[in-house]
Amino acid sequence: MKRICFIIILSCLSVMTVMAQRADYSKMSSMVRRAALEHKDTRRLAPSRNPRSSSICAFVRINEDADQVLKENHCLKLAQFGNIYIASIPLSRLASLSMNKHVTRIEAGQRGTALMDTTHIIQRIDPLYEGTNLPQAYTGKGVIMGVQDIGFDLTHPNFYDAKMENYRIKRFWDQLSVDTAYSDLYVGADYTTQEEILAYAHSRDGLKQGHGTHTLGIAAGTGYDTPFRGVAFESDICLVSNAVEADKEFIDSVDYYKYTSATDALGFKYILDYAEKEGKPCVVSYSEGSHQDFYGDDQLMYEVLDSLSGPGRIIVASAGNEGHYNSYFHKSADEESQGTFLNRYDKTFSFRVIADGPIDLRFVSYGSKTRTDTLIVPSQRILDAPDSLLRDTVGLLLDYKGEKQKHYFAFGAYPSSYDDSHMVYEVYIKTTERFGYAGYFLSVEIVGEGVEADFYAVTGSIQSKPSYNPNLTDGDNSHCIYSPGSAPAVICVGSTAYRKGLYNHEGKHVVSNWGENGEVARFSSVGPTVDGRIKPDVLANGVNVISSYSSYYHEEHPTENTWDIAYSDYGDRRYPWHSELGTSMSTPIVSGIIALWLEACPNLTADDIKDVFAKTCIRHDLSLEYPNNSYGWGEIDAYRGLLYLLGLDGIEEITQEQPQRVGIAMKDQQIDFTFAEPLQESVTVSVFTTAGIKVQNLSLPQGTTQSSVNISSLPTGVYAVQLHSRQPGITGSVLIRKQK
């Protein structure tokens, strides 16, 4: 789950050619600015060409006369949130719209990139992991599980109910659909009946992608004939298949700017509007994201997500997968210079520097450990360039060739959207060799006495090369949380790691080692946000998570089956069950658990949920203060969180652990107990109401393997069943629901 949001010269190479028409570029986010400049270039180079109503989907803040402003500029209003509008704006009208005195901001962000077995034990979602269909007090019934993702197999049996009688996907909007003859949506089309959805079969990108089939299965799959059941397996499902960078082949070039972060916001609104229409609480899972920035590309997005969120309306997003390499360093004011070496398996590199005063950027190319070339670029030179955009091509040494090669540099500058007394410098470098490979090394230093500055790699990472320069060793893996997980109103999810590998469908052990024992997975992105807030909010298992995968993707890529764990046959198709890792997998786990909590408390807000995290999360490293920028509040505990929400955690006799060696299930008017082995001693069984009143108390004798407790005299509702024993795996509590 990643996107490249580098915003400078690549998108603005022809700035000097477009100054004939006035435009206030300071009001535009980077993507909007790029769209305006590209449109002007097209008109200049091919004045007779008439692009087919090229437009961009964007957020617009309009303080007065909004309807008139939009009408005058031929904009289509798609949604409104106070004085923020999502609108389709003709590219030819961007300049005019930006000059209107009532318009203060036009924003669109780049498209993002896409980022159950043991999960049920780790997150304590049910007492046993045998795939047993244990009736729980909360299963997601009456809650809408929304997922916005890519690569959906709509026919997978994982998305029926457990008896394969009811199809649970109730709405599906494919933003890339070409079946738009009768659609009133901005892009694509939606499908609203079981017949329509199953006939459509898969999202338009379903032959190329399978990500959404996996994340949806984690959040809400029933497991079909496998133990790989999702979390909220009785919830109703509403889906949006959006567009990410990998989907560009499905987008006509004329429609390129129709798919932005504003279009994603329309996807969130589509799901939440459906839930409101149904009168049900909703949680939306979003396993995609992109880099944060200082240009303000996410400011209106944050406000819209805040407007969309509320009681019973929760948005959950991934933290990102960039925690396994260094990409950030801080230059303190008492250091004259600090720096690092650039590292990227490519021939381009981009980064940002934010500084509270004038700096020099010093680049050193190493022809050997003793032969170097240096390029110094003062920040004032960038600021003095037209529109603060500077380009330069210089010859610098390459190590193993011993000769100078061309290096293309591009620089841009603008005030930080968080503090306009700080300047942000964006740098793009292109050369003939990969950074940090094949003997080619390039270092960068921030030089400025008394100046504080921060370095953020956008593409690539940073590394130490002490044999070349032992003084350039700055850098860590912080400040890499992705947007929109960075938004204040969004629950941001990172990953923990447990097992190092698993056996695939061929019986081969495949290794994927990113940590163990519940520690933060090495890839999981780390906070703080660029404006200093603590993120992520919570963690969940994200390594070697098994769930459904797209049968259509599998047919197109039959050899990509190393991580296939099992197959199921349904109808005339074979459906894979696949292992994946990433915060993309952790996010639907948390989303599914929140769906269970919403079933118990339909009006929960994001702040309420963070309070549950604060009181109930598992904290593996007790030496840390919580929340922190690695673990957030800790690892989610579904059961303990539910006890807290129901007020049962305050009852001394109820333990906050579930029994591991006994199955507990409701059948008719009785509670059935099945023990994994004969009891070695008697076991005490107590039944409590949610008010904490003990309504049953009995003892099961030594040697018992199965037993039942009749509760026919009790009213319908939820009860806590508590077992006490010195025998390992027996003590614990389970919530059950007594039906009429």
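**Close-up 1. Tyrosine 256 and its ring partner, tyrosine 257.** In this predicted model, tyrosine 256 is partly exposed, at a relative accessible area of 22%. Tyrosine 257 counts as buried, with 6% relative accessibility; the cut-off for buried is under 20%. The rings of tyrosine 256 and tyrosine 257 form an edge-to-face aromatic pair, with 5.0 Å from centre to centre and 85° between the planes.

**Close-up 2. Phenylalanine 294 meets tyrosine 418.** Here is another edge-to-face pair: the ring centres of phenylalanine 294 and tyrosine 418 are 6.2 Å apart, and the angle between their planes is 90°. This pair links distant parts of the chain, with the two positions 124 residues apart in numbering. Phenylalanine 294 lies in the loop between strand S11 (288-291) and helix H8 (299-308), while tyrosine 418 belongs to the loop between strand S19 (403-415) and strand S20 (423-430). Phenylalanine 294 is buried at 3% relative accessible area, whereas tyrosine 418 is partly exposed at 35%.

**Close-up 3. A cluster of phenylalanine rings.** Take a moment to find Phe329, Phe349, Phe351, Phe363, Phe409, Phe411, Phe435 and Phe455, which ring pairs join into a cluster. For the wider picture, the structure holds 30 aromatic pairs.

**Close-up 4. Charged ends over aromatic rings.** Two views go together nicely here. Arginine 229 places its charged end over the ring of phenylalanine 233, at 4.2 Å from the ring centre. In the other view, the ring of tyrosine 186 has the charged end of lysine 258 over it, 6.0 Å from the centre of that ring.

Key
Residues numbered from 1 in each chain as written. Predicted model: local features only at pLDDT ≥ 70, side-chain atom pairs only at ≥ 80, totals over all residues. Heavy atoms only, no water. Phe/Tyr/Trp six-rings, centres within 6.5 Å; stacked < 30°, edge-to-face > 60°. Buried < 20%, exposed > 50% of the residue type's maximum accessible area, 1.4 Å probe, protein only. Helix = DSSP H or I, 4+ residues; strand = E, 2+ residues; numbered from the N terminus. Lys NZ or Arg CZ within 6 Å of the ring centre and 35° of its normal.
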